[in-house]
Amino acid sequence: MLNFTVGPVMASDEVRAIGAEQVPYFRTAEFSAIMKENEQLMKQFAKASDDARTVFITGSGTASMEAVVMNVFTPADKVLVVNGGSFGHRFVQLCEIHEIPHTEIKLEMGTPLTAEDLKPYEGQGYTGFLVNLHETSTGVLYDIQMISDFCHRNHIFLAVDSISSFLADPFNMKELGVNVMITGSQKALACPPGISVIILDTEAIKRVEANKVKSMYFDLKDALKNGERGQTPFTPAVGTLLQIHARLKEIERNGGVESENQRMKMLAEDFRNKIKDLPFTIVSQSMSNAVTPLHPQNASAYDIFLKLKDEYGIWVCPNGGDMAEKVFRVGHLGNLSPEDNTRLVDALKDMQAKGLL
Ligand SMILES: *Cc1c(COP(=O)(O)O)cnc(C)c1O
C-alpha cells in the first residue's frame, strides 16, 4: 500500500510495531510518565509557552474542535468564523449547536483570507476567532500572522484548528499569540486515528475554568485536573498514545519540528516539480506543505482516485461534494519519500500513456 491521503497516513515501522503489541493497563506511574512527556513534546513542537497545557482527547479531530468551542466560548461571546471549506463549515455548525453568537466569513473555494475580508470586523466588539489554519478540504493555508495581528489589535481570543498543518508548516503558538490550538493523531503525527490534542495557553485555561460545560466527556476542567498527574478522566486510546510517544521521540531525534517542517517542504516541492509536465492545474493560491490539490484538465478527479487505488495500489485523497469530479488531493504527510513520489508520478504517466489522464 502507498498512501498519499490526508489521514490516516503512512506510519513509521516503529509506530506500526507498537500497534502489534498488547495494550497495557494505564493507571500506572509508567504510563503517567509517558503522558507527561507527550505533553512536554507537544508544547515544544507547537512552540507554546511554558505555562501552557496539553489535553489528549480520545476522539477524532472533530471531538477536540467541539470540546474547544464548548469550553472556551459562551453565549456572551461574539465569534468570527472563517469558512473556506468543509472544516470551516464544521466550526460554524458547532457554534450553531452550542449557541455561540457568531459571524461567518465565507470565502470562495480555494481562495485565501485577505486583509480586505477582515476589515469590516475591526473594532466591532468581537471576542473570539475560529479558523482552520490549513483548510484541508481546499488546500488553502491561511495567513496566520495577519490573523494574529488582527486578533491582537482587537483583543480577540484566537482558537486555531491546525490539525493538518501541525508539523507540516512553521507555527509558533506563543509568538502568534494563539490561545488554543488543536491537532489530531492521524495527520502529520502519522499515527492511527483516535486521539486529538488541544494545547491551551493561560488565557484559554482561565476561560475553561470559568465555564460551566454541560458535558461529562468534553469537560476540559476534568481533563486538565487529571493531566496534572499524567492521566485522563476516562480510559484513553492507550495504544495510540504510546504510538504518539514513539513518534514524538522520533521527531525529536531527527532534529525536532524544524527538521520535520523541512522534510515535508522538500517532499511537497519534489512532488510539485515532478508533475510539472502532467495535465494538472494546482488549484490553491496559498498552499500548505501538507497537501497539493490538483485539478485534472481532461479527466474526472474521482476516476483518477479510483484507478490509482484499484489498479496501482496507490491512494490519493478524493474531494467531496461539488468538487469530487474536479479536484483530488495529494498529501505529503507521514512516512513518505521522494521515491514514493516517483512511484505515484510514474503511475500517473502510465495512465496518461493509456489515454486516461
Ligand atoms: C482532518 C481534519 C479535521 C478532523 O477531522 P476528523 O475526521 O474529525 O479527525 C479537522 N480539521 C481539519 C482542518 C482537518 O484537516
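This is a chat about the sheets and the ligand site of a predicted model.

Reader: Let's start with the ligand. How many residues surround it, and which are the closest?

Author: There are 13 residues around the ligand, and the closest are Ser 60, Thr 62, Thr 136, Asp 161 and Lys 187. Keep in mind that this is a predicted model.

Reader: OK, what's the distance from Ser 60 to the ligand?

Author: A side-chain N or O atom of Ser 60 sits 2.5 Å from an oxygen atom of the ligand. Thr 136 also has a polar side-chain atom, 2.4 Å from a ligand oxygen. With Gly 61 the backbone takes part: one of its N or O atoms is 3.0 Å from an oxygen atom of the ligand.

Reader: And how much of the ligand's accessible area does the protein cover?

Author: On its own the ligand has 380 Å² of accessible area, and the protein covers 88% of that.

Reader: Which helix gives the most to the shell?

Author: Helix 3 does, with three residues. Helix 3 spans 61–72, and both this helix and helix 4 supply at least two residues each.

Reader: Where does helix 4 sit in the chain?

Author: Strand 3 (residues 79–83) and strand 4 pair in the parallel sense, over five bridges. Within that pair, Val 82 stands opposite Ile 105 of strand 4. Helix 4 (residues 86–97) is on the path from strand 3 to strand 4, and this β-α-β crossover is right-handed.

Reader: Switching to the sheet itself, what's the strand order?

Author: It is an open sheet of seven strands, ordered 2-10-9-8-5-3-4, with mixed pairing. Strand 2 (53–58) and strand 4 (102–106) are the edges; each has a single partner strand, so one side of each has no neighbour in the sheet. On average, neighbouring strands are turned by 20 degrees against each other, direction ignored.

Reader: Mixed, right. Which sense do strands 9 and 10 pair in?

Author: Antiparallel: strand 9 (residues 180–184) and strand 10 (residues 195–200) share five bridges. Val 180 has Leu 200 in strand 10 as its bridge partner.

Reader: What about the sheet with strand 11 in it?

Author: That one is open too, with four strands in the order 11-12-15-14 and antiparallel pairing. Its edges are strand 11 (280–282) and strand 14 (317–318), which have a single partner each, so one side of each is left without a neighbour in the sheet. Strand 12 (residues 291–296) joins strand 15 (residues 328–331) through four bridges, and Pro 293 stands opposite Arg 329 in strand 15.

Reader: Last one: which strands does helix 11 lie across?

Author: Helix 11 (residues 256–274) lies across strand 11, strand 12 and strand 15, at about 15 degrees to strand 12.

Key:
Residues numbered from 1 in each chain as written. Predicted model: local features only at pLDDT ≥ 70, side-chain atom pairs only at ≥ 80, totals over all residues. Heavy atoms only, no water. Pairing = 2+ DSSP bridges. Axes fitted to C-alpha atoms, helices over the stretch in contact; angles between N-to-C directions. Contact = heavy atoms within 4.5 Å. Right-handed = clockwise from strand over helix to strand, strands pointing away. Near = heavy atom within 4 Å. Polar contact = N/O pair within 3.5 Å; in protein donor to acceptor, adjacent residues only side chain to side chain. Areas by Shrake-Rupley, 256 points an atom, 1.4 Å probe, with all protein chains shown as cover.
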